Structure formats: C-alpha cells, structure tokens
Amino acid sequence: MSWSLDLIRTKTNSEPYGKEKDEDVIPFKKGEIIKTLSEIAEIVDIRIEETEIVPVEDTEIDFDSFFIVHVYGKNWSIEFLFYNWCEYSEKDMTYDTIELQVRGNTEPKEFLSLLAEKLRARLFDISAGTFWTGDSTGLSDWKNLCDRISKELSERKIM
C-alpha cells in the first residue's frame, strides 16, 4: 500500500480539487518531470529510475502501456505514474495529472516541497482530501488511518 498524491498544475493553482477548468490546466511533460527530478537530485540525495509497463497480451487490462519513474530517497520511495488514460494530449504526450505513490518510514517533505515549487504545481493528498502543504503530516496521517482500519478489520476477524 502507498500514500497517494496527485500532482496538478493550473494557471492560478487556487481552484478546489476537481473544480479545475480544462482551459486552466497546465499539463506536464514527462521530460519536464525528469529534468526537474535531476535538478532536485543536485539538492537532495535521491536516485531516479524509469520503467515502461506493457501489459501481457490477452489480459483484461485496458491500457497500452504506462511509464513509472521511481525516485528513491533515504527511508522512502516514490513512484511517479504516467498513465496513458490521463493524457492531456496524445500528440504531445502531456499529462494533466500525475499520480505519486509514496512508501516508506519518513515523509519526504523536503523533496515534495522542492517538486511542487520547481514545477509551480500542487500536490493533492488523496486520502486526506486536501492539498498537501509542507506543514502537513500526510504520510503519518495516512499510516494511522491504515493502522486503524487494519485493527478494526482484525477485531471483526475479517483479516
């Protein structure tokens, strides 16, 4: 399981989540993300890897392929998911939203803050239903929620 964030950018970066107008969305390009991650790697100790996922033939998966960029820091990792069904433009391979799946023991606050700042974007905490800020405790809140759910399920003997 992972703590999920959506990376989104609009002209004002002030709209409530889900209320963005298409004409106000500033899409991301995969190359822009890679370049930004490389710049952040000069500031924060991270390792970057790229992978293309292609589904096996004769499966019911409804995508041609998608890219994952893995970023590894100390005690955390993030998968940047570039889904083709979230494309803003097939021609330009731009994305209106990129999902980040965060795993680890510590919240990569410095990394996430730099990412949002350099891309002039916002991160939406999917589990909290709010935009993430550097002051947030998103990962620990998410872990507490998962622990509580797990405990409740085990008490009911569902797990």
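**Close-up views of a predicted model**

**View 1. Serine 77 in its strand.** Serine 77 counts as buried, because its relative accessibility is 18% and the limit for buried is under 20%. The model shown here and in every other view is predicted. Serine 77 belongs to strand β5. Beyond its neighbours within four places in sequence, serine 77 touches Val71 and Tyr72. Its other contacts of this kind are Gln101, Val102 and Arg103.

**View 2. The largest nonpolar core.** This core holds 29 residues. Leu7, Phe80, Leu100 and Phe111 have the most contacts inside it. Six elements each supply at least two of its residues: strands β1 (3-8), β4 (66-73), β5 (76-83) and β8 (97-104), and helices α1 (30-41) and α2 (109-119). Helix α2 gives the most, with six residues.

**View 3. Leucine 7 and its surroundings.** Leucine 7 is among the residues with the most contacts inside the largest nonpolar core. Neighbours within four places in sequence are left aside here. Leucine 7 is then in contact with Phe28 and Ile33. Asp96, Thr97, Ile98 and Leu100 also touch leucine 7. So do Leu115, Leu119, Ala121, Arg122 and Leu123.

**View 4. Phenylalanine 80 meets phenylalanine 111.** The structure holds six aromatic pairs. One of them joins phenylalanine 80 and phenylalanine 111, edge-to-face. The ring centres are 6.4 Å apart, with 85 degrees between the planes. Phenylalanine 80 sits in strand β5 and phenylalanine 111 in helix α2, so the pair ties together parts 31 residues apart in sequence. Both phenylalanine 80 and phenylalanine 111 are buried.

**View 5. Phenylalanine 82 meets tyrosine 95.** This aromatic pair is also edge-to-face. Its centres lie 5.3 Å apart, and its planes make an angle of 75 degrees. Phenylalanine 82 is in strand β5, and tyrosine 95 is in strand β7 (residues 94-95). The pair links distant parts of the chain, 13 residues apart. Phenylalanine 82 counts as buried, at 1% relative accessibility. Tyrosine 95 counts as buried too, at 1%.

**View 6. A ring cluster and an arginine.** Ring pairs join Tyr17, Phe124 and Phe131 into a cluster. Arginine 122 lies over the face of phenylalanine 131. The distance to the ring centre is 3.8 Å. Arg122 is also one of the contacts of leucine 7.

**View 7. Arginine 47 over tyrosine 72.** Arginine 47 lies over the face of tyrosine 72, at 4.3 Å from the ring centre. Tyr72 is also among the residues in contact with serine 77, the subject of the opening view.

Terms used:
Residues are numbered from 1 along each chain as its sequence is written. This is a predicted model: local features need pLDDT of at least 70, side-chain atom pairs count only at pLDDT 80 or more; totals for chains, interfaces and linings use all residues. Side-chain values use heavy atoms; hydrogens and water are left out. A nonpolar core is a set of buried Ala, Val, Leu, Ile, Met, Phe, Trp, Tyr and Cys residues joined through side-chain atoms within 4.5 Å. Buried means under 20% relative accessible area, exposed over 50%, partly exposed in between (1.4 Å probe, protein chains only). Helices (H or I, at least four residues) and strands (E, at least two) are DSSP runs, numbered from the N terminus. Contact means heavy atoms within 4.5 Å. Rings of Phe, Tyr and Trp (its six-membered ring) pair if their centres lie within 6.5 Å; planes under 30 degrees apart count as stacked, over 60 as edge-to-face and the rest as tilted. A charge sits over a ring if NZ of Lys or CZ of Arg is within 6 Å of the ring centre and within 35 degrees of the ring normal.
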